[in-house]
Amino acid sequence: PMGMSVSALTPELAKNWGYTSELRGVAVVRVAPGSVAEEAGVSRGMVVTQVDKQSVTTPEEFQAALSKASTEKGALLEVRLPQGGVDFLVLKPRAE
C-alpha cells in the first residue's frame, strides 16, 4: 500500500551498496513512482533500521511495524542513506 518493496539486508548487499556488513535493517529494493513512499522521500538503496522507534531486521518485522503505525500520524522511518548519514522520513497513508 505504501508503494515500496524491501528485502533482507544481507552482508553482501550491504557491502555492494556501500554500507558496513554489521548494519541491521531492511533494504529498500523498489519504490513505485508516485507512491506514498516516493512522496515521503524513500528511494532504492536506503536501509530502514527502525519504524516508530522499533528496530526492524526482516521484511516481516518491517511490515508488522508498518501495520501497527497510526494512520493519522503515519510511520516514522529511520533510514540509512547510501551516501552516509541517517534520515527520518514519515510514511503516511493517503486519505481514502
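**Exercises on strand pairing and two buried residues**

Six bridges connect strand 5 with strand 6 (residues 86-91), and these strands run antiparallel. The model is a predicted one.

**Exercise 1.** Describe how strand 5 and strand 6 are connected, and find a residue pair that faces across them.

Solution. Step 1: strand 5 and strand 6 make up a hairpin, with five residues between them. Step 2: in the turn, Gly 84 has a positive phi of about 100°. Step 3: across the pairing, Leu 77 is opposite Leu 89 in strand 6.

**Exercise 2.** Which strand is joined to strand 5 (residues 75-80) by four bridges, and in which direction do the two run?

Solution. Step 1: the partner is strand 3 (residues 47-51), and the two run antiparallel. Step 2: Val 48 stands opposite Val 79 in strand 5.

**Exercise 3.** Decide whether Thr 49 is buried or exposed, and list its contacts beyond four places in sequence.

Solution. Step 1: Thr 49 sits in strand 3. Step 2: its relative accessible area is 7%; buried means under 20%, so Thr 49 is buried. Step 3: outside its neighbours within four places in sequence, Thr 49 contacts Leu 23, Arg 24, Gly 25, Gln 54, Ser 55, Val 56, Glu 78 and Arg 80.

**Exercise 4.** Locate Ser 35 and describe its surroundings.

Solution. Step 1: Ser 35 belongs to the loop between strand 2 (26-31) and helix 2 (36-40). Step 2: Ser 35 counts as buried because its relative accessibility is 7%. Step 3: a polar atom of the Ser 35 side chain lies 2.6 Å from the backbone oxygen of Ala 32. Step 4: not counting residues up to four places away in sequence, Ser 35 touches Met 2, Gly 3 and Arg 94.

Technical notes. Residues are numbered from 1 along each chain as its sequence is written. This is a predicted model: local features need pLDDT of at least 70, side-chain atom pairs count only at pLDDT 80 or more; totals for chains, interfaces and linings use all residues. Side-chain values use heavy atoms; hydrogens and water are left out. Two strands pair if DSSP finds at least two bridges between them. Buried means under 20% relative accessible area, exposed over 50%, partly exposed in between (1.4 Å probe, protein chains only). Contact means heavy atoms within 4.5 Å. A polar contact is a pair of N or O atoms within 3.5 Å; within protein, one must be able to donate a hydrogen and the other to accept it, and residues adjacent in sequence count only if both atoms are side-chain atoms.
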